[in-house]
Amino acid sequence: MNTIEIIKKKRDHKTLTNEEIIELIGWYTGGMIPDYQFTAFLMAAYIQGMNKEETAAMTRAMLFSGQVIDLSMLNGAKVDKHSTGGVGDKTSLIIAPIVAAAGVYVPMISGRGLGHTGGTLDKLEAIPGFRTNLSLKEFISVLKKCGAVLAGQTNEIAPADKLIYALRDVTATVESIPLITSSIMSKKLAEGIDGLVLDVKTGSGAFMREKKDSVKLAKSLIETAGAFNKKVIVFITDMNQPLGTHIGNWLEVVESVNVLKGEVKNDLYELSVVLAGAMIYLGGKVSSLEEGKELSKHLIENGNAFNKFLQIVKAQRGDISYLKNIDRYPKPKYKDVIKVNESGYLSKIDNYEIGMAALMLGAGRMTKEDVIDPKAGIIFAAKLGDKISEGDIIGEIFSDEKYRLADAMKRILGALILSNKKPRKTKLIKQIIIGDL
Ligand code: URA
């Protein structure tokens, strides 16, 4: 079969064979198919779906587009965490140093911003000098030295995901269970890990808005991890409001530093210590999730987690003087305050709109060629259930381009629903699923 016939087959809701999927991924990764044709395939897969076998074949083809890192020379468990994507979700920056400080290796391969959500690589690259494009040799060297490494897909590691991820970001083909599963698992399986913690988001700022769909995604991820013999714990967590208060690349680094220094103890802190605790548990350093969480808190309090973050950033050529003194960072040219023009309890946030507003301010991409402004973004200080009075200032927006402010502000204010009745408290962690092997 040729490319057009494979696209047609998926378009017509037929099941692709293992060989067809391997060929297609190989052709695209090898530069033999143009973006427009692969986009047509992605859209067909998005609309028609893929079954369990097709998803496993796609994951395998994407995984073996590059190498599986051999970390057998490291004496100790290797565990990673991945989130399905959210607004203000910066836990990776906090978790990796905590877990490394606990003595569990973290070989983390992350992605860039995807759709309306931010990406770990873009956040890290907001730190002047920070390199995410590491060779395999550099990846292993940082991991050995620091106990954690935070890098991106490369031509050696998960190259198919590097290409497909960037294409999905700008072609409205993100919110698909098989495409998300193969993207996440192909990177994670390439890392040579023993265990994986997955943070599957649910709510208006997630790719799966409904909890039932998030559970389906969790099951698909667990099934795929099981097929490759990996231990996995899945947390289904809330994404009906931004996680923490800062959205946008440098702003998210700032909030991560504040949490790592023990200066902020908000929902971001809560989720970070839970997820880090689960990784430490999977790494065999503690005997329960609760003990892992307590150890994570302790590693923040005694300064080890922040010091570990500085060590990792330095090893990846980032300038740590900006982390020690965040006021050194260049300031955005323009800002405005988010002022609410009614009173009531904040009862609903369309968190997708908040993510899109950050993107419009310059924090994300609309085309593959767009260049991100690391200073752009939002500080959104209100939380669901807060009582707000007309005229209250609940945050700020930042951009280097003045014309972007008004549209972003309109989106943010339009995303908020206030009511007279106090809404029920939202649960941050909605479900924990432990995958069996
Ligand atoms: N994270 C990924 O790595 N890929 C997706 O498709 C979604 C979230």
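**Exercise 1. Work out how compact the chain is for its length.**

Let's start with the inventory: this predicted model has a protein chain with 17 helices and 13 strands. Next, take the radius of gyration, which is 21 Å for the protein chain. The globule rule gives 22 Å for 437 residues, and the two values are close, so the chain is as compact as a globular protein of that length. To round things off, the C-alpha trace spans about 65 × 50 × 40 Å along its principal axes.

**Exercise 2. Find where the ligand sits and which elements surround it.**

Step one: look at the largest cavity, since that's where the ligand sits. Step two: pick out the elements that give two or more residues to the shell, namely strand E1 (79-83), helix H8 (159-169) and helix H9 (177-190). Step three: see who gives the most, and that's H9, with four residues.

**Exercise 3. List the shell residues and sort them by character.**

Around the ligand you'll find His 82, Ser 83, Thr 84, Leu 114, Tyr 165, Arg 168, Ile 180, Ser 183, Ile 184 and Lys 187. Now sort them: the shell splits into four nonpolar, four polar and two charged residues.

**Exercise 4. Track down polar side-chain contacts to the ligand, then check how buried the ligand is.**

Use 3.5 Å as the cut-off for a pair of N or O atoms. His 82 has a polar side-chain atom 2.9 Å from a ligand oxygen. Arg 168 also puts a polar side-chain atom 2.9 Å from an oxygen atom of the ligand. With Ser 183, the partner is a ligand nitrogen, 2.7 Å from a polar side-chain atom. Finally, the burial: on its own the ligand exposes 240 Å², and the protein buries 97% of that.

Key:
Residues are numbered from 1 along each chain as its sequence is written. This is a predicted model: local features need pLDDT of at least 70, side-chain atom pairs count only at pLDDT 80 or more; totals for chains, interfaces and linings use all residues. Side-chain values use heavy atoms; hydrogens and water are left out. A residue is near a molecule or strand if one of its heavy atoms lies within 4 Å of it. A polar contact is a pair of N or O atoms within 3.5 Å; within protein, one must be able to donate a hydrogen and the other to accept it, and residues adjacent in sequence count only if both atoms are side-chain atoms. Accessible areas come from the Shrake-Rupley method with a 1.4 Å probe; for residues, only the protein chains shown count as cover. On a 1 Å grid over the protein atoms alone, a cavity is a set of points where a 1.4 Å probe fits but cannot get out, and a pocket is an open set with protein on both sides within 12 Å along at least five of seven lines; lining residues have an atom within 4 Å of a point. A molecule sits in a cavity or pocket if more than half of its atoms lie within 2 Å of its grid points. Ala, Val, Leu, Ile, Met, Phe, Trp, Tyr, Cys and Pro count as nonpolar, Asp, Glu, Lys and Arg as charged, and the others, Gly among them, as polar. The radius of gyration is taken over C-alpha atoms; the globule rule is 2.2 Å times the number of residues to the power 0.38.
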